[in-house]
Amino acid sequence: MTNDDRVRLFDVGRIEAILAPFARDPDRLVVILEDAAGQVIAASPPSTLPGMASVRRTWEVRPDGRLAGRLVAIGAAAAEPVVESAIAALAISLEQVLEIESHAVLAGDGSVGVVERTRSGLDADLAQARVQQRRLVSLFAPDVPGYDLASHYEAAREIGGDFFELFRLPHRRGHPLGIVIADVTGKGIAAALLMAFARPVMHTALGAATGPADALVRTNRVLVEEHRSALFITALCATLDLSTGHVRMANAGHEPPLLIPGDHDPIQQLAGAGALLGMFASLDLAETELDLRPGDVLVLYTDGVTDAVGPSGERFGEPRLLAVIEAARGGTAHDVMASIRDAVAAFRQAVEPADDVTVVAIGRQRTR
């Protein structure tokens with residue numbers, strides 16, 4: 001089905017009604033739905049299409065993993081977490097609607113009176129699995145006073161192998177924040193199945209273990225004993241003491257986290273990665289400790305960020321990632337996350353993602 005077919009099948013009037021609530025303060029926020037070529041389908045308010053603005057945020061709409069359009073928020077309010085969360089949720093809803101609409105094609109006379117199935121039963125199942133998997137990744141982080149939590153997830157295919165989680169540990173003193181980010185070394189159904197198995201195991205292990213390294217060792221033991229897959233998992237587990245900002249983390253072959261100091265010291269790459277989960281029966285991991293000070297931001301990501309490929313075949317790479325983060329320094333965790341997300345999308349342009357992209361940013365707010 002061509003992109004024009006998708007636009008014609010999509011009810012523009014319905015889109016305008018969905019976007020209408022965002023028109024309450026046009027001086028601070030305009031929301032636009034573009035097609036894959038960048039042409040405006042609908043806008044709220046419809047008469048206001050600003051050119052340059054101080055803040056611009058973009059969310060891709062990818063039904064069935066294919067780029068169908070983009071939601072663009074322009075204006076000062078676009079940087080507000082509640083607005084970002086609302087439009088991110090809207091993007092997922094639009095994807096679900098388009099996935100349903102894509103079951104139909106236009107009849108020969110251009111009408112939609114005759115509907116034909118255009119996807120196999122397996123394709124339909126994959127689309128439904130993608131919707132369910134997206135629901136596993138919470139759009140709303142837990143309420144953590146004094147901290148900003150932000151995340152972005154984009155699967156390269158209908159279903160992906162990345163996962164992350166930010167959650168409170170209720171049985172620990174002070175209810176610290178548990179942090180998990182992981183990447184299955186593969187794509188498609190096999191990676192998604194291993195992710196679905198490992199995610200609750202890792203969640204439970206972090207809550208019961210003596211620390212992040214112990215949690216990864218416990219998870220590795222389960223993976224090896226169960227022989228769940230020929231695939232492996234890179235993973236990082238951490239705990240954050242919310243009263244002190246103290247972080248303990250352990251890394252099993254994952255991308256090194258980046259610490260952005262709030263006092264403009266150089267960005268730090270936190271080393272200390274061990275073997276991947278599921279690779280060896282015995283896993284020896286060291287823990288890294290640091291303190292998040294007011295103004296600091298901790299960035300976690302999967303290799304889908306640095307391995308993103310542009311039209312020329314060039315990788316996004318670590319130097320470009322560091323440059324993007326440096327330019328966003330001084331902003332909130334949401335600002336940093338959004339800058340990385342938008343930079344990767346702009347670099348990739350129309351190139352389909354080769355790997356899942358996940359970014360998690362955790363910032364400690366400055367005291368007033």
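## Questions on a predicted model

Trainee: In which strand is E154 found?
Mentor: The model in front of us is predicted, and a single residue makes a convenient place to start. The strand that holds E154 spans residues 147-154, and its name is β5.

Trainee: Is E154 buried or exposed?
Mentor: The relative accessible area of E154 is 11%, and a residue counts as buried when that value is under 20%. E154 therefore belongs to the class called buried.

Trainee: With which side chain does the side chain of E154 make a polar contact?
Mentor: Leaving aside neighbours within four places in sequence, E154 is in contact with E60, R62, R348, P353, D356 and V357. From this group, the residue whose side chain makes a polar contact with the side chain of E154, at 3.0 Å, is R348.

Trainee: Where is Q349 found, and what is its relative accessible area?
Mentor: Q349 is found in the loop that lies between α9 (333-348) and β14 (357-364). Its C-alpha atom is separated by 9.2 Å from that of V309, although the two residues are 40 residues apart along the chain. Q349 is classed as partly exposed, and its relative accessible area is 46%.

Trainee: How many residues of strand β4 are buried?
Mentor: In a regular strand the side chains alternate between the two faces of the sheet, and it helps to take the two faces in turn. On one side of β4 the residues G69, L71 and A73 are buried, and on the other side R70, V72 and I74 are buried too. For β4, which runs over residues 69-74, the count of buried residues is six of six.

Trainee: Which residues of β4 are the bridge partners of V31 and W59?
Mentor: Strand β1 (residues 30-35) is joined to β4 by six bridges and runs antiparallel to it, and strand β3 (residues 56-61) is likewise joined to β4 by six bridges in the antiparallel sense. The partner of V31 in β4 is A73, and the partner of W59 in β4 is L71.

Trainee: What is the order of the strands in the open sheet of four strands?
Mentor: The edge strands of this sheet are β2 (40-44) and β3, each of which pairs on one side only. Helix α2 (residues 12-19) lies across β1, β2 and β4, and runs at about 30° to β2. With antiparallel pairing, the order of the strands is β2-β1-β4-β3.

Trainee: Why is one side of β6 and of β12 left without a neighbour in the sheet?
Mentor: Both strands belong to an open sheet of five strands, which has the order β6-β7-β8-β9-β12 and antiparallel pairing. One side of β6 (162-168) and one side of β12 (287-291) have no neighbour in the sheet because these strands stand at the edges, each with a single partner strand.

Trainee: Which helix packs on this sheet, touching β8, β9 and β12?
Mentor: Within the sheet, strand β7 (residues 177-184) pairs with strand β8 (residues 233-240) over eight bridges in the antiparallel sense, and V180 stands opposite C237 in β8. The helix that packs on the sheet covers residues 212-226, its direction makes about 30° with that of β9 (246-252), and its name is α6.

Trainee: Which element supplies the largest share of the largest nonpolar core?
Mentor: In soluble globular proteins, nonpolar side chains tend to be buried together. Here the largest nonpolar core has 26 residues, and those with the most contacts inside it include F163, V180, M202 and L277. At least two residues each come from β6, β7, α5 (188-208), α6, β8 and β9, and the largest share, seven residues, comes from α5.

Trainee: How many residues are in the other core, which lies apart from that one?
Mentor: L277 belongs to the core of 26 residues, and among the residues that L277 touches are M202, L216, I233 and A235. Apart from that core lies another, with V144, I181, L236 and L259 among its members, and its number of residues is 24.

Trainee: What percentage of the residues of the protein chain count as buried?
Mentor: The secondary structure of the chain comes to nine helices and 14 strands, and its accessible surface is about 16500 Å², with 54% belonging to carbon and sulfur atoms. Of the 368 residues of the chain, the portion that counts as buried is 51%.

Note on methods. Residues are numbered from 1 along each chain as its sequence is written. This is a predicted model: local features need pLDDT of at least 70, side-chain atom pairs count only at pLDDT 80 or more; totals for chains, interfaces and linings use all residues. Side-chain values use heavy atoms; hydrogens and water are left out. Buried means under 20% relative accessible area, exposed over 50%, partly exposed in between (1.4 Å probe, protein chains only). Accessible areas come from the Shrake-Rupley method with a 1.4 Å probe; for residues, only the protein chains shown count as cover. Two strands pair if DSSP finds at least two bridges between them. Contact means heavy atoms within 4.5 Å. Axes are lines fitted to C-alpha atoms, for helices over the stretch in contact, and angles run from 0 to 180 degrees between N-to-C directions. A nonpolar core is a set of buried Ala, Val, Leu, Ile, Met, Phe, Trp, Tyr and Cys residues joined through side-chain atoms within 4.5 Å. A polar contact is a pair of N or O atoms within 3.5 Å; within protein, one must be able to donate a hydrogen and the other to accept it, and residues adjacent in sequence count only if both atoms are side-chain atoms.
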